[in-house]
Amino acid sequence: MTSSRLFALELVKLLVQVAWADHEVAPAEAEKLLGYARRSGLTDQDLAGLSAMLTGRAPLVPPNLGVLKERRTEVLRAVKELLLSDLEIAEEEEEVLEQVAALLG
């Protein structure tokens, strides 16, 4: 697996967790995530797993934070972009952004 695909996969895992922070995934959030995953070259199997997590048919898989820490700024930008995709940031989502920033150091 290439390092860029590995990063994309781990970022998607994190973003799915973020999308579920307010206990629902808005259609705009799901579409944005699936689009990013496709553009990043994730496999059909990865996309199927992502789709299952987005619809609540599969448990959320925790991301490898070690991989994500190397590109902290890019990760935080992606998280904020996802949070804004439904045009509002719920209080829970704001807390998640702060938690992600803390986890990435």
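**Helix packing around H1**

The axes of H1 and H2 cross at roughly 175° and come within 10 Å of each other. This is a predicted model. Angles over 145 degrees count as roughly antiparallel, and H1 and H2 are therefore roughly antiparallel to each other. On the H1 side, the contact is made by Phe7, Ala8, Leu11, Val12, Leu15, Val16 and Ala19. H2 contributes Glu29, Leu33, Tyr36 and Ala37. By residue class, this contact of H1 with H2 divides into 10 nonpolar, no polar and one charged.

H2 itself covers residues 27-39, which is 13 residues. From its first C-alpha to its last, H2 reaches 18 Å, close to the 18 Å expected at 1.5 Å a residue. The buried residues of H2 are Glu29, Ala30, Leu33, Leu34, Gly35 and Ala37. Glu29, Leu33 and Ala37 appear in this buried set and also in the contact with H1. An α-helix has 3.6 residues a turn, so residues three or four places apart point the same way. After H2 comes Gly41, which has a positive phi, near 80°.

H1 also packs against another helix. Two packed helices are described by the angle between their axes and the distance between the axes. For H1 (residues 3-19) and H5 (residues 72-84), the angle is about 40° and the axes are 10 Å apart. That angle makes H1 oblique to H5. The crossing in which H1 passes H5 is right-handed. From H1, the contact takes in Phe7, Leu11, Leu14, Leu15, Val18 and Ala19. From H5, the residues are Glu74, Val75, Ala78, Val79, Leu82 and Leu83. The contact of H1 with H5 divides into 11 nonpolar residues, no polar and one charged. Phe7, Leu11, Leu15 and Ala19 of H1 take part here and in the contact with H2.

What does Asp46 touch, leaving aside residues up to four places away in sequence? Asp46 touches Arg5 and Leu9. Asp46 lies in helix H3, residues 44-54. Buried means under 20% relative accessible area, and Asp46 counts as buried because its relative accessibility is 18%. Arg5 and Leu9 fall within the residue range of H1, 3-19.

Beyond H3, the loop leading to helix H4 (65-69) holds Thr55. Is Thr55 buried or partly exposed? At 46% relative accessibility, Thr55 counts as partly exposed. Thr55 and Trp20 are 35 residues apart in sequence, and their C-alpha atoms are 9.9 Å apart in space.

Technical notes:
Residues numbered from 1 in each chain as written. Predicted model: local features only at pLDDT ≥ 70, side-chain atom pairs only at ≥ 80, totals over all residues. Heavy atoms only, no water. Axes fitted to C-alpha atoms, helices over the stretch in contact; angles between N-to-C directions. Helix = DSSP H or I, 4+ residues; strand = E, 2+ residues; numbered from the N terminus. Parallel < 35°, antiparallel > 145°, perpendicular 65-115°, else oblique. Left-handed = near helix turned anticlockwise from the far one by under 90°. Contact = heavy atoms within 4.5 Å. Nonpolar A, V, L, I, M, F, W, Y, C, P; charged D, E, K, R; others polar. Expected span 1.5 Å × (residues − 1). Buried < 20%, exposed > 50% of the residue type's maximum accessible area, 1.4 Å probe, protein only.
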